[in-house]
Amino acid sequence: MGHPERTTVLISGGGPAGIVLGLLLSRAGIEVTVLEKHADFLRDFRGDTVHASTMRLLDDLGLGEKFRRLPQGRLGNLQIPDRHGSPVTVADFSRLPEPYTYVGMVPQWDLLNLLAQEAQQEPTFSLHMESESLSLLQEHGRVAGVRYRSRTDGVERELRADLTVVCEGRNSSLRQQLNLPEVQYPVPFDTWWFRLPRHPDDRQEVRIAPLIRGSEVLLTLHRTDYYQLAYLAPKGSDPHLREEGVDSFRARVTALSPDFADRVGALSTMDQVHLLDVRLNLLRRRWAEGMLCIGDAAHAMTPVAWGSTWRSRTPWPPRGSWLLLYSAGLSRSEIWRGSSDVVCCPPARFRPFSGRSTGR
Ligand SMILES: Cc1cc2nc3c(=O)[nH]c(=O)nc-3n(C[C@H](O)[C@H](O)[C@H](O)COP(=O)(O)OP(=O)(O)OC[C@H]3O[C@@H](n4cnc5c(N)ncnc54)[C@H](O)[C@@H]3O)c2cc1C
């Protein structure tokens with residue numbers, strides 16, 4: 001694919017927000033170019049939960065059947081232990097309206113591949129992998145596109161657009177460039193992600209039952225032949241944990257889950273334990289002339305105790321459901337303000353999402 005110099009809507013970042021927005025706009029006949037800095041969607045240590053509201057939106061898009069064909073587990077409830085260690089059900093998804101009486105557990109990359117393949121059916125959609133946005137182009141007081149570098153040839157280029165949508169996630173460099181007003185909320189803990197092997201005779205039932213010991217928590221996600229684990233501890237503990245070393249970390253895991261004693265040896269160094277700096281923030285204003293921020297670039301929320309699950313049935317802004325709701329969360333007025341002369345789809349095109357705007 002050649003290197004474009006001009007497009008109608010430039011989307012910087014091919015995560016859930018960027019790919020879904022690209023799909024929606026290209027289906028509406030709008031020319032869209034997505035720049036994604038990585039070569040693929042394989043980002044590990046992301047959550048897998050796809051909530052009922054998201055599955056309904058996939059149905060609205062005609063993608064429900066393809067989605068259901070992806071390898072997936074089904075989570076029927078959420079349990080936490082009481083003070084004696086007995087499980088207490090705190091969320092029972094079987095009470096949700098049919099047919100989505102569960103939370104789907106699907107790795108994010110499978111879903112992104114599905115959505116990107118679908119978007120690529122549209123003649124007005126183009127996705128440029130290994131293309132990293134470097135800076136915003138600003139002309140006459142408005143954003144006019146980005147300067148980016150293609151990693152395939154290392155050359156820097158300019159891509160101009162009527163509207164630039166920043167979907168670069170929580171560490172967006174383009175967003176920082178504009179210095180938009182932001183609110184940070186305090187979060188008391190961080191998360192460390194790692195993997196442990198899953199044995200063929202392990203329980204098959206998908207469960208997320210946090211194991212709690214004092215201020216430490218362990219969450220387990222089932223993947224095909226391994227477990228993805230999240231260890232939660234007070235914010236700022238990372239230097240201490242690394243100083244203690246991997247033996248001590250293994251002991252912490254085993255104290256939380258004795259069942260893993262036979263496999264914690266798979267962790268041979270703390271380099272296999274990845275810190276997630278848990279954040280909760282919100283842009284007070286998500287737009288500048290010619291530009292919008294959506295998704296985590298506008299409001300990062302790491303799921304807090306799987307809070308996104310509960311949010312799936314509430315009208316709260318859709319920060320927790322990491323898929324369609326991000327682009328759906330874009331209010332029409334924000335689109336119009338971001339570029340009054342570009343995204344002028346008839347409102348009917350946005351109908352599946354009406355009433356879901358964040359309205360902030
Ligand atoms: C550890 C973890 C677990 C989570 N678990 C869940 C869960 O179970 N359920 C749930 O609903 N949500 C979960 N979330 C939240 C969810 O993953 C995010 O909210 C969601 O991925 C945000 O989507 P996004 O498209 O806004 O940003 P991202 O997914 O961060 O995507 C941003 C994309 O932009 C690209 N990019 C960044 N900078 C540039 C650049 N300069 N140029 C080009 N491309 C760029 C990145 O490579 C990336 O592909 C979790 C998040 C984390 C971190």
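**Figure 1. Overview of the predicted model.** Helices, of at least four residues, and strands, of at least two, are runs assigned by DSSP and numbered from the N terminus. On this basis the protein, shown here as a predicted model, has ten helices and 20 strands. Of its 360 residues, 38% are buried. Among the contacts in the protein with a separation of 6 or more, 69% join residues that are 24 or more positions apart.

**Figure 2. The open sheet of five strands.** The strands follow the order S14-S15-S16-S13-S17, and their pairing is antiparallel. Which strands stand at the edges? They are S14 (211-213) and S17 (274-276); each has a single partner strand, so one side of each is left without a neighbour in the sheet. On average, and with direction ignored, neighbouring strands of this sheet are turned by 25° against each other.

**Figure 3. Strands S15 and S16, with helix H7 lying across the sheet.** Six bridges link strand S15 (residues 216-222) to strand S16 (residues 226-234), and the two pair in the antiparallel sense. One residue to locate in this view is His222, whose bridge partner in S16 is Tyr227. Helix H7 (residues 246-256) lies across S14, S15 and S16. The helix runs at about 80° to S15.

**Figure 4. The packing of helix H1 against helix H4.** Helix H1 (residues 16-27) and helix H4 (residues 108-119) pack with their axes 9 Å apart and at an angle of about 25°. H1 is therefore roughly parallel to H4, since angles under 35 degrees count as roughly parallel. The crossing of the two helices is left-handed. H1 contributes Pro16, Ile19, Val20, Gly22, Leu23 and Ser26 to the contact, while H4 contributes Leu112, Leu115, Ala116, Glu118 and Ala119. By character, the residues of this contact comprise eight nonpolar, two polar and one charged. An α-helix has 3.6 residues a turn, so residues three or four places apart point the same way.

**Figure 5. Helix H2 and the glycine that follows.** Which residues of helix H2 (residues 52-60) are buried? They are Ala52, Ser53, Thr54, Met55, Leu57 and Leu58. Just after H2 comes Gly62, which takes a positive phi of about 75°.

**Figure 6. A cis peptide bond before Pro99.** The peptide bond that leads from Glu98 to Pro99 is cis, with omega near 5°. Pro99 is found in the loop between strand S6 (87-92) and strand S7 (103-105).

**Figure 7. Two loop residues with positive phi, Glu130 and Asn179.** Glu130 is not a glycine, yet this residue has a positive phi of about 55°. Its loop lies between strand S8 (125-128) and strand S9 (131-139). Asn179, likewise not a glycine, has a positive phi of about 55°, and its place is in the loop between helix H5 (173-178) and strand S12 (182-185). Why does Glu130 count as partly exposed? Glu130 has 15 C-beta neighbours inside 10 Å, and a residue is partly exposed when its count falls between the limit for exposed, 12 or fewer, and the limit for buried, 20 or more. Asn179 counts as exposed because it has 8 C-beta neighbours inside 10 Å.

Terms used: Residues numbered from 1 in each chain as written. Predicted model: local features only at pLDDT ≥ 70, side-chain atom pairs only at ≥ 80, totals over all residues. Pairing = 2+ DSSP bridges. Axes fitted to C-alpha atoms, helices over the stretch in contact; angles between N-to-C directions. Contact = placed C-beta atoms within 7 Å. Parallel < 35°, antiparallel > 145°, perpendicular 65-115°, else oblique. Left-handed = near helix turned anticlockwise from the far one by under 90°. Nonpolar A, V, L, I, M, F, W, Y, C, P; charged D, E, K, R; others polar.
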